[in-house]
Amino acid sequence: MDNLLKTQSLEAFYGDAQALFGIDFELNKGELVAIIGANGAGKSTFLKSLTGLVKSKRDAIQWKGQGIGGLPPGDIVQLGLAMVPEGRRLFPSLTVEENLKMGTLAKRSGPWSLERLYKLFPILKEKRNAPGTSLSGGQQQMVAIGRALMSNPEVLLCDELSLGLAPIVIREIYNAMPAITAEGMTVVVVEQDVSLAKQVSQRLYCFQEGTVSLQGASDALSREQISLAYFGV
Amino acid sequence: MLDTVLQGLLLGGLYGLFALGLSLMFGVMRLTNVAHGDFIVLAAFSAIGLTAVLSWHPMLLGMVIVLPSFVFGYCVQRYLLNGTLGKDPLPSMVVTFGLSIVIQNGLLQLFTSDPRSLDAGDLALDGLALGGEVYVGQLPLLIFVIAMAATFGLQMLFKHSALGRSFRAVSDDREIAELMGLNARKINALATALACVLIAVAGVLHGMRTTVSPSDGPMLLLFAFEAVIVGGMGSFWGTFIGALILGMVQQIGFYFDPGWGIWFGHLVFLAVLVLRPQGLFPKTR
């Protein structure tokens, strides 16, 4: 398989506090990989390290065989690694459309454009001149996904898409996934909802206290295995 | 009284130019530039210094001085102030306070403490009759129009251009703005560069309208600051209207007693702080 992204004993720190203790992770082209784990397991830190928001050693993160750890976030998004951040983090003083246009700053060409996004999420077209944060949680999540897609990434990293959303809205968001992955987009989702993560992904990593406690094909892992890896008891 | 109000509004136009740069820098970076007034004085004295060498009209000088001011602002932000930004506002205030002292003393050394002005020739003397006994000076009117155009331009830039979008994005959430590929340090530098262009224009016009001396900076900073607070942080129009109110109130104070003008301005500023601390036109951008 075609390896896109690989981390080797990736460590990350917030000041003196270590958050990641040697993560080995692999991502192949066209995969949908889920990362699960309890609060504070290091899932978000891991995504932040990949995108350069948290610094790490240059060679600990390999993008197509090249060390990218600790590069400025702007350089990494230009390589084709985009993130939907935890809690959406839309720009409050920008309209929906302006938020989406922020994705084009990476200056990458590809299939995703405003028209195509509006086809995927028609409600956004309707509200395109409203302030980004005036929308409902689910709609804001669509904007956050759209903003990342507008940079036409090769890999889309999604941090807790379901955070704070009603189950029916979560379903709606995940229903858009097939349309996103149809052209071979590689996706990593961080999820708290284990059964949802198992359902949507092909492979699964479970993090526990900054290490990988379990990995494997999603349908091959049993509930007991996951429970053990998740809680460590 | 009508005359007083009118002159006050025209004075407010100049304060508007003072305040826009401060509002811009605070809006994008949450940076309070304590040396803002000294930057204005520095620009005025740069023009005064240039008139000693070149015999150009100050208006022309004002247009020429804009470019080096842009570069000055860019470099000050990029190589000095960017390092002071963070959650804590204190480092940036201390550093700009230091800049203020350096500029004041540098100018004192070069130009002595004598008040000076830029000779605008007929422009400063001619007036327009508005009927009745009301006259307005050509220069104050021109300053007012420039201030309004600058406010309009800045508001358009912020609302409708890619650069304005970047300014707002960095102001909202710097981390995510960088994640999207923006270089926040560069955006900040551009914001300060733009503020310094406004400062240069304000400084030259100020020098044409009245006199400047090296120690005027803190007072000009105070006027700019008061205009921003009275107007609220919502939009540049808010800042502009705040400046007009300040100018008008000061002029009314001067009308009653020459010593009361600035005091009246402070009173209104304090009243706004107590009664409506978010300013008259809060967040609408």
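Strands E1 and E2 of chain A form a hairpin with two residues between them, and A:Gly15 in the turn has a positive phi of about 65°. This is a predicted model, in which local features need pLDDT of at least 70, side-chain atom pairs count only at pLDDT 80 or more, and totals for chains, interfaces and linings use all residues. Residues are numbered from 1 along each chain as its sequence is written, while chains are lettered from A and ligands numbered from 1 in the order in which they are written.

The two strands of the hairpin, residues 3-14 and 17-28, pair in the antiparallel sense over nine bridges; strands pair if DSSP finds at least two bridges between them. A:Lys6 has A:Glu26 in E2 as its bridge partner. Strands (E, at least two residues) and helices (H or I, at least four) are DSSP runs, numbered from the N terminus.

Now for the interior. The largest nonpolar core (buried Ala, Val, Leu, Ile, Met, Phe, Trp, Tyr and Cys residues joined through C-beta atoms within 7 Å) has 154 residues. Its largest share, 17 residues, comes from helix H9 (184-209) of chain B. A:Leu157 is among the residues with the most contacts inside this core.

A:Met102 sits in the loop between helices H3 and H4 of chain A. A:Met102 counts as buried because 26 other C-beta atoms lie within 10 Å, the cut-off being 20 or more.

Here are contacts (C-beta atoms, placed from the backbone, within 7 Å), leaving aside neighbours within four places in sequence:

| Residue | Contacts include |
|---|---|
| A:Leu157 | A:Leu47, A:Leu81, A:Val188 |
| A:Met102 | A:Phe91, B:Ala169, B:Met180 |

Conventions: Buried ≥ 20, exposed ≤ 12 C-beta atoms within 10 Å, placed from the backbone. Contact = placed C-beta atoms within 7 Å.
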